[in-house]
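Student: Could you take me through the cysteines and the aromatic rings of this model, giving the general idea of each feature before the case at hand?

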Amino acid sequence: MEFGLCAWSFSPAHEAAGSLHDPMTIGGLIALAEERGLRSVEHATAAVEALDAEGRDRLAAHLRESGLDLVLDCPWVSSPGEIGANVERALRLAREVGARAVRTTISQCLEGDRSRYGRQGWKDHLEALVKPLRRAADVAEGLQIPFGVENHQDLCSTELVALIEQVGSSQFGVVMDCGNAYAVGEHPSVFAERVLPHLVHVQLKDYVAHPTPSGWRLVRCAVGEGIVDWPDLVARFDAGPRDVIATIELGATAARHVRLLERGWWDTYDPRPFEETLDALRSLHAAQQPPGAEWRTPHERNEPPEARAAYELAQFDASVDYLQRTFA
C-alpha cells in the first residue's frame, strides 16, 4: 500500500501562524505531500473549484507530471438530493483535473449519535439516498471515476454494504476511515473485512482513548501512536481486490465523545453479533489512558495559532515516519 495526505489533518491555524505551507490550500497540501515523498493528496472540491481555468490546468499538469494522485471530497451536507448533486459535480471536476476518486459523506451526525433521526428516520434517510446515489453512479460509470461513502462516525459496516448493494454500481463503494469504526462500536478489523470488496479509498486515522462514565473520548494522534492495529489493517487492504492509496487523515482538533456505554446510544442501531461489539469495547478498554489524563488538544486549550500549527505538523511528521518505517 502507498500513502498520501488528506487536508483534514490540518486546520486554519497554519494561515494564521504564517506557516511555510498552508494545507488548507491545494498548493500547500501538495507541497507538504511532496516534501515527505507521499503519493497522493485529498482535498475539498471547493479548494479546486476556487481555482480559475488556468489554475485548474496547472493543477492537472502538475498531477500528471509528478505522478501524484488526487481524491476530491464533497461538501458536508445531509439532504439526499444535495448529496447526489454534489457527487455528480465532483465527478465532473475530477475528470477535468485528473483526480483518482471522489469521497462523500451522507449525514452530519458525529460520535455515532444518530438520535436526531430516530431509528426509523435513519432507515428512511438511507433509503432516500439510493436514487440520488444511483444517478451519481451513472455519471461515475460514464467517466470511469469511482466514488465512495465515508463512515463519518455515522454508518456501521453492514449499513454501508447494504447501501452499496442497493445502488448496484461497480463505480460506487466505501471510503473507510479506519479510526471512525470505533465511533459506531465496531473494531476496525471487522469493519475492514466486511467492506473490503467495495473499497474505493482509505483514510488513516488513529485515536487515543480517554475513559468517561458513558464511554470514551477519542482524541486525535499520530498514526501508529493510538489504538488502531495498522499492520493488521494494511495487510487486509493489500489483500483486497482494488489497489488503494491511503491518505493520512488526522482528523478533528476536538475530542469525539462516543457514549457507547449508554443504553440510549444504541437505539438507532440494528442488532449485531455481540462478539463484534465486544472486540471493539475490549480494544478501547485495553488501550485507554489513565482516568484524569489530559485529553484536550491545543485547539481546545485555546493555545496560539503557532502552537496549534506545530502540534498538527508534529503529528503529520510522526505519522509519515511510522508508515515509512513500518511499511517500507
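**Rings and sulfurs**

Tutor: Phe-3 is buried, at a relative accessible area of 10%, where buried means under 20%, exposed means over 50% and partly exposed lies in between, computed with a 1.4 Å probe on protein chains only. The model is predicted, so local features need pLDDT of at least 70 and side-chain atom pairs count only at pLDDT 80 or more, while totals for chains, interfaces and linings use all residues. Residues are numbered from 1 along each chain as its sequence is written, and side-chain values use heavy atoms, with hydrogens and water left out.

Student: How many aromatic pairs does the structure hold?

Tutor: Rings of Phe, Tyr and Trp (its six-membered ring) pair if their centres lie within 6.5 Å, and planes under 30 degrees apart count as stacked, over 60 as edge-to-face and the rest as tilted. The structure holds eight such pairs. One of them joins Phe-3 and Phe-327, which are tilted, with 6.0 Å from centre to centre and 45° between the planes. This pair links distant parts of the chain, since Phe-3 belongs to strand β1 (residues 2-6) and Phe-327 to helix α11 (residues 305-327), 324 residues apart; helices (H or I, at least four residues) and strands (E, at least two) are DSSP runs numbered from the N terminus. Phe-327 is partly exposed, at 23% relative accessibility, and ring pairs link Phe-3, Tyr-322 and Phe-327 into a cluster.

Student: Which class of pair do Trp-266 and Tyr-269 form?

Tutor: Their ring centres are 5.9 Å apart and their planes stand at 65°, so the pair is edge-to-face. Trp-266 is partly exposed, with a relative accessible area of 23%, whereas Tyr-269 is buried, at 4%.

Student: Where does Arg-114 lie with respect to the ring of Tyr-269?

Tutor: A charge sits over a ring if NZ of Lys or CZ of Arg is within 6 Å of the ring centre and within 35 degrees of the ring normal. Arg-114 lies over the face of Tyr-269, at 3.8 Å from the ring centre, and Arg-217 lies over the face of Trp-295, at 4.1 Å from that ring's centre.

Student: How many disulfides are there?

Tutor: A disulfide is a covalent bond between the sulfur atoms of two cysteines. It is assigned here to a pair of cysteine sulfur atoms within 2.5 Å, and the count comes to zero. Cys-6 is in no disulfide, the nearest cysteine sulfur being that of Cys-178, 12 Å away.

Student: Why does Cys-74 not bond to Cys-6?

Tutor: The sulfur of Cys-74 is 13 Å from that of Cys-6, its closest cysteine sulfur, which is too far for a bond. Cys-6 is buried, with a relative accessible area of 0%, and Cys-74 also counts as buried, at 5%.
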